[in-house]
Amino acid sequence: MQCAELKQRTTLDQFTAALGSPQIVSFRLEQPEITTDATIVPAQITFADGGLDRARFIVVVESDGISRVCGDE
């Protein structure tokens with residue numbers, strides 16, 4: 001789930017283009033890195049073409065108490 005701020009600054013075309021190709025077939029989340037300023041969740045992403053990527057997602061807790069992804073580093 002995306003945070004409200006990320007939804008506001010990302011158009012539907014940008015969002016779908018980012019998920020378009022190559023297709024994600026699996027992902028593995030690693031141990032969260034929690035500091036007083038941020039929570040970062042490292043991840044390894046595997047694509048249908050065999051490619052691998054590493055990402056670091058910023059997670060925030062919104063006013064409704066739900067944690068949501070709000071960008072990446």
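# Asking about a hairpin and its neighbours

User: Which residue takes a positive phi in the hairpin of S4 and S5?

Analyst: That's Gly65, with a phi near 85 degrees; the hairpin has five residues between its strands. Keep in mind that this is a predicted model, where local features need pLDDT of at least 70, side-chain atom pairs count only at pLDDT 80 or more, and totals for chains, interfaces and linings use all residues. Residues are numbered from 1 along each chain as its sequence is written, and side-chain values use heavy atoms, leaving out hydrogens and water.

User: What makes S4 and S5 a pair?

Analyst: Two strands pair if DSSP finds at least two bridges between them. Strand S4 (residues 52-61) and S5 have four bridges, in the antiparallel sense, so they pass that test. As one example, Val60 has Arg68 in S5 as its bridge partner.

User: How do you know what counts as a helix or strand in the protein chain?

Analyst: Both are DSSP runs, numbered from the N terminus: helices are H or I with at least four residues, and strands are E with at least two. The protein chain has two helices and five strands, in the order α-α-β-β-β-β-β. Strand S2 covers residues 33-34, so it still meets the strand cut-off of at least two residues.

User: Why is Ser67 called partly exposed?

Analyst: Buried means under 20% relative accessible area, exposed means over 50%, and partly exposed is in between (1.4 Å probe, protein chains only). Ser67 comes out at 44%, so it gets the middle label. Ser67 sits in strand S5 (residues 67-72). For the whole chain, 16% of the 73 residues count as buried.

User: Which residues does Ser67 touch, leaving out those up to four places away in sequence?

Analyst: Val59, Val60 and Val61. Contact here means heavy atoms within 4.5 Å. Thr10, by the way, lies 57 residues from Ser67 in sequence and 19 Å from it in space, C-alpha to C-alpha.

User: What does the predictor's confidence look like along the protein chain?

Analyst: pLDDT is that confidence for each residue, from 0 to 100. The protein chain averages 85, and 95% of the residues score at least 70. Among the elements, helix H2 (residues 12-20) has the lowest mean, 71, while strand S2 has the highest, 94.

User: How big a box do the C-alpha atoms of the protein chain fill?

Analyst: Roughly 40 × 30 × 20 Å, taken along the principal axes.
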